[in-house]
Amino acid sequence: MEMITLDVTGMTCMGCVASVKRVLTALSGVSQVDVVLETGKVTVSYDAGQVQTAQFKQAIQDAGFQVA
């Protein structure tokens, strides 16, 4: 299992947190997503054989947020 921490901007409420969690957990190979609204840190645990980090960034951007 791999782990990556991303800096996400544009999250302003718990609804934003829920949106980011939802789009990331929908990706095959993602086992856990932790989001800290105050710092904008998103930590993803995933199977590198099933998903690539570029897919995380794309999913977050498609949800209306930016990856710093």
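## Threonine 43 and its contacts

Setting aside neighbours up to and including four places away in sequence, threonine 43 contacts Met3, Ile4, Thr5, Gln32, Val33 and Asp34. This comes from a predicted model. Threonine 43 sits in strand 3. Its bridge links strand 3 to threonine 5, the partner of threonine 43.

Phenylalanine 56 lies 13 residues from threonine 43 in sequence. In space, the two C-alpha atoms are 11 Å apart.

## Overall fold

The protein has two helices and four strands. Along the sequence they follow the pattern β-α-β-β-α-β.

How does the radius of gyration compare with that of a compact globule? A compact globule of 68 residues would have a value near 11 Å, and the protein agrees, because its own value is 11 Å. Its C-alpha atoms fill a box of roughly 30 × 20 × 20 Å along the principal axes.

Buried residues make up 40% of the 68 residues. The accessible surface is about 3900 Å². Carbon and sulfur atoms account for 49% of that surface. Among contacts with a separation of 6 or more, 59% join residues 24 or more positions apart.

## The sheet

Strands of a sheet pair through backbone hydrogen bonds, in either a parallel or an antiparallel sense. Here the four strands form an open sheet with antiparallel pairing. The strand order is 2-3-1-4. Strand 2 and strand 4 (66-67) are at the edges with a single partner strand each, so one side of each has no neighbour in the sheet.

Strand 1 and strand 3 are antiparallel and share six bridges. Strand 2 and strand 3 are also antiparallel, and six bridges join them. Which residues of strand 3 stand opposite those of strand 2? Valine 30 is opposite tyrosine 46. Glutamine 32 is opposite serine 45. Valine 36 is opposite lysine 41.

Strand 2 and strand 3 also form a hairpin, with four residues between them. Glycine 40 lies in the turn and has a positive phi of about 75°.

## Helices on the sheet

Helix 1 packs on the sheet and touches strand 2 and strand 3. The direction of helix 1 makes about 165° with that of strand 2.

Helix 2 lies across strand 1, strand 2, strand 3 and strand 4. Its angle to strand 1 is about 30°.

## The nonpolar core

In soluble globular proteins, nonpolar side chains tend to be buried together. The largest nonpolar core in this model has 22 residues. Leu24, Val42, Val44 and Phe56 have the most contacts inside it. Which elements supply at least two residues each? They are strand 1 (2-9), helix 1 (14-25), strand 2 (30-36), strand 3 (41-46) and helix 2 (53-62). Helix 1 gives the largest share, with five residues.

Strand 3 is mostly covered. Five of its six residues are buried.

What does phenylalanine 56 touch? Not counting residues up to four places away in sequence, its contacts are Ile4, Leu6, Leu24, Leu27, Val30, Val44, Tyr46 and Val51. Leu24 and Val44 are also named with phenylalanine 56 among the residues with the most contacts inside the core.

## Glutamine 61

Glutamine 61 is found in helix 2. Is this residue buried, partly exposed or exposed? Glutamine 61 is partly exposed, because its relative accessible area is 35%, and the partly exposed class lies between 20% and 50%.

Valine 20 is 41 residues from glutamine 61 along the chain. Their C-alpha atoms are separated by 9.5 Å.

How values were computed. Residues are numbered from 1 along each chain as its sequence is written. This is a predicted model: local features need pLDDT of at least 70, side-chain atom pairs count only at pLDDT 80 or more; totals for chains, interfaces and linings use all residues. Side-chain values use heavy atoms; hydrogens and water are left out. A nonpolar core is a set of buried Ala, Val, Leu, Ile, Met, Phe, Trp, Tyr and Cys residues joined through side-chain atoms within 4.5 Å. Buried means under 20% relative accessible area, exposed over 50%, partly exposed in between (1.4 Å probe, protein chains only). Contact means heavy atoms within 4.5 Å. Two strands pair if DSSP finds at least two bridges between them. The radius of gyration is taken over C-alpha atoms; the globule rule is 2.2 Å times the number of residues to the power 0.38. Accessible areas come from the Shrake-Rupley method with a 1.4 Å probe; for residues, only the protein chains shown count as cover. Axes are lines fitted to C-alpha atoms, for helices over the stretch in contact, and angles run from 0 to 180 degrees between N-to-C directions.
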